[in-house]
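Me: I would like to go through this structure slowly, one question at a time, and see how each answer is reached.

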Amino acid sequence: MEDVRLIEVKEEIMADNVKVAAEVRERLRKTKTMLLNLMSSPGSGKTSLILQTVANLKDSLRLGVIEADIDSKVDAEKVAARGIPAIQLRTGGFCHLDATMVTQGIDALAVSDLDLVIIENVGNLVCPAEFDTGAHKNVMILSVPEGDDKPLKYPLMFSICDLLLINKIDYLSLSDFDMPALRKRVLVLNPRIVILEVSCKTGSGIEGWVNWLKREVEDFKGLK
Amino acid sequence: MHELPITESILKIVLKHAEMNSVSRVMAIHLQIGKLSDLEDEWIQRYFDYLSKGTMAEGAKLKIERMPIMVQCNVCSTSYEAEAAKLGELICPSCGQKDGTLLSGREYYIKDMEVQ
C-alpha cells in the first residue's frame, strides 16, 4: 500500500468568487458606475429604501437596480414602475448572490449610462455576507422590530458593511430596542461603519442617507 | 444553504492540487474556517461526499479547524480571543477596557491534504 503524504494547498476557498468580484469592480470603475450591495433580513425595508432613494435621487443621478429573489418578480416591477431600469435575477433557490450572478445583472443593464446601480440582495443575514458581489459599497438594513441583539447572532454581516441603516425608528417607542447597546455591539465588529437611523415610512432620516449616497457617488466618480 | 457552493469550490481546488501532484487518492483535507462563519461542518462533509463521488477525493475526510475570533483592545493593544455571542460585552484581560476591534475570525482556507 502506498504511503500517505501531505501536500500543502494554501488556497483561499473563495478565490474564484473574489476574482470575479474584482473583475466586476474594475469594469464598473471604467464606466464610473458605483455598485452598491444592499442586504438585510426579509421584511426590514430593502425595497422601501430603494423606492425612497429613487424618489429623492432620480433627478440628480442615473440609477439602476438589480433585484435578487429566489423566485419572484414583484420587487423589480415596483422599481420599474418608477421609471428606473430594473433587472430581476431569480437565484433559483440560492440564498445569496455571487459575483457571477451580478455579472449577468450588469450585462443586462446598460451600465455605462448609469451613475449608481443598487443590488437588492436576497433577504438573509447569513449567506450574502460570505460572498463578495463586486460591489464598491456594502450597506445593510436592520429594522427596529428585529431587535438589538442581531450583531451577536450575525456578526459577519455587520463586520463587512460600510453603512448600517436602522430602519423603522417610528417603532422605537413601542419597543425595548436599546440603541446605545446596538451601536456598541456593531462598532466592536466594525469600527469604521457609519450608522444612520431612518424610517422609510415617515421619511425621517432619509435626507442623511441620500446625502451619504450622493457624496459616495461623487467621490467614486472623482468629482470632488 | 451556502455550504453547497463553498463545498464545490473546495472540491475544485483539491482536485487541481491532486492532479498537479500526481495523486491517486485524497484521504483527508485540512480546512481552516473562522468562527464568525456560520458554516455547518456536518453539511460541508455531506455535500462533499455527494459531490466527490467518482473523483480522486471520494471518501476524503474533511478536518475542519475552527479559527478563533481575535479582538484587539483599543486602549492597550492587547490581542485576545472572544466568543461571537459575547462581542457586545468585551473586557480586555490585560487592562479591563471594554472597547475592542475585530482582528480575525473570517478565514476560509484550505491548508493541506493527506494523499496517496
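Reply: Before we start, one definition is needed: a residue is buried if 20 or more other C-beta atoms lie within 10 Å of its own, exposed if 12 or fewer, and partly exposed in between. Please also keep in mind that this is a predicted model.

Me: With that cut-off, how many residues of strand β2 of chain A are buried?
Reply: The strand covers residues 34–40, and it can be examined one face after the other. On one side A:Met34, A:Leu36, A:Leu38 and A:Ser40 are buried, and on the other side so are A:Leu35, A:Asn37 and A:Met39. The strand is therefore largely enclosed by the rest of the structure, the count of buried residues being seven of the seven.

Me: Which strands pair with β2(A), and in what sense?
Reply: One partner is strand β5 of chain A, residues 116–120, which is joined to β2(A) over five bridges in the parallel sense; in this pairing A:Leu36 has A:Ile118 as its bridge partner. In strand β6 of chain A, residues 137–143, A:Val139 stands opposite A:Leu38. This pairing also runs over five bridges, so that the partners of β2(A) are β5(A) and β6(A), and the sense is parallel.

Me: How do helices α1 and α4 of chain A lie relative to each other, roughly parallel or roughly antiparallel?
Reply: Two packed helices are described by the angle between their axes and the distance between the axes. For α1(A), residues 15–30, and α4(A), residues 99–108, the angle is about 25° and the axes are 8 Å apart. Angles under 35 degrees count as roughly parallel, and therefore the description of α1(A) and α4(A) is roughly parallel.

Me: What classes of residue make up the contact of α1(A) with α4(A)?
Reply: From α1(A) come A:Asn17, A:Val20, A:Ala21 and A:Val24, and they meet residues of α4(A), including A:Val102 and A:Ile106. By class, the residues of this contact are six nonpolar, three polar and no charged.

Me: Is A:Lys168 buried or exposed?
Reply: This residue lies in the loop between β7 and α7 of chain A, and it has a positive phi of about 65° although it is not a glycine. Because A:Lys168 has 25 C-beta neighbours inside 10 Å, it counts as buried.

Me: And B:Ser22, is it buried or exposed?
Reply: B:Ser22 also has a positive phi, of about 50°, without being a glycine, and its place is the loop between α1 and β1 of chain B. Since 7 other C-beta atoms lie within 10 Å of B:Ser22, the residue is exposed.

Me: Which residues does B:Ala28 touch, not counting those up to four places away in sequence?
Reply: B:Ala28 is found in strand β1 of chain B and is partly exposed, with 16 other C-beta atoms within 10 Å. B:Tyr50, 22 residues away in sequence, has its C-alpha 15 Å from that of B:Ala28. The residues that B:Ala28 touches, with that exclusion, are B:Ala60, B:Lys61, B:Lys63, B:Met113 and B:Glu114.

Me: What is the radius of gyration of chain B?
Reply: Chain B has two helices and six strands, which follow one another from the N terminus as α-β-α-β-β-β-β-β, and its C-alpha atoms fill a box of roughly 55 × 30 × 15 Å along the principal axes. Buried residues make up 31% of its 116 residues. A compact globule of 116 residues would have a radius of gyration near 13 Å, whereas the value for chain B is 18 Å.

Me: Which element gives the most to the side of chain B that touches chain A?
Reply: In all, 32 residues of chain B are in contact with 30 residues of chain A, and the elements that give two or more residues to this side of chain B are α1, β5 and β6. With eight residues, the element that gives the most is β6(B).

Me: In what sense does strand β1 of chain A pair with β6(B)?
Reply: Strand β1 of chain A covers residues 5–12, and its pairing with β6(B) extends over six bridges. Within this pairing, the bridge partner of A:Glu8 is B:Asp112. The sense in which β1(A) and β6(B) pair is antiparallel.

Definitions and conventions
Residues are numbered from 1 along each chain as its sequence is written. Chains are lettered from A and ligands numbered from 1 in the order in which they are written. This is a predicted model: local features need pLDDT of at least 70, side-chain atom pairs count only at pLDDT 80 or more; totals for chains, interfaces and linings use all residues. Helices (H or I, at least four residues) and strands (E, at least two) are DSSP runs, numbered from the N terminus. The radius of gyration is taken over C-alpha atoms; the globule rule is 2.2 Å times the number of residues to the power 0.38. Axes are lines fitted to C-alpha atoms, for helices over the stretch in contact, and angles run from 0 to 180 degrees between N-to-C directions. Angles under 35 degrees count as roughly parallel, over 145 as roughly antiparallel, 65 to 115 as roughly perpendicular and the rest as oblique. Two residues are in contact if their C-beta atoms, placed from the backbone, lie within 7 Å. Ala, Val, Leu, Ile, Met, Phe, Trp, Tyr, Cys and Pro count as nonpolar, Asp, Glu, Lys and Arg as charged, and the others, Gly among them, as polar. Two strands pair if DSSP finds at least two bridges between them.
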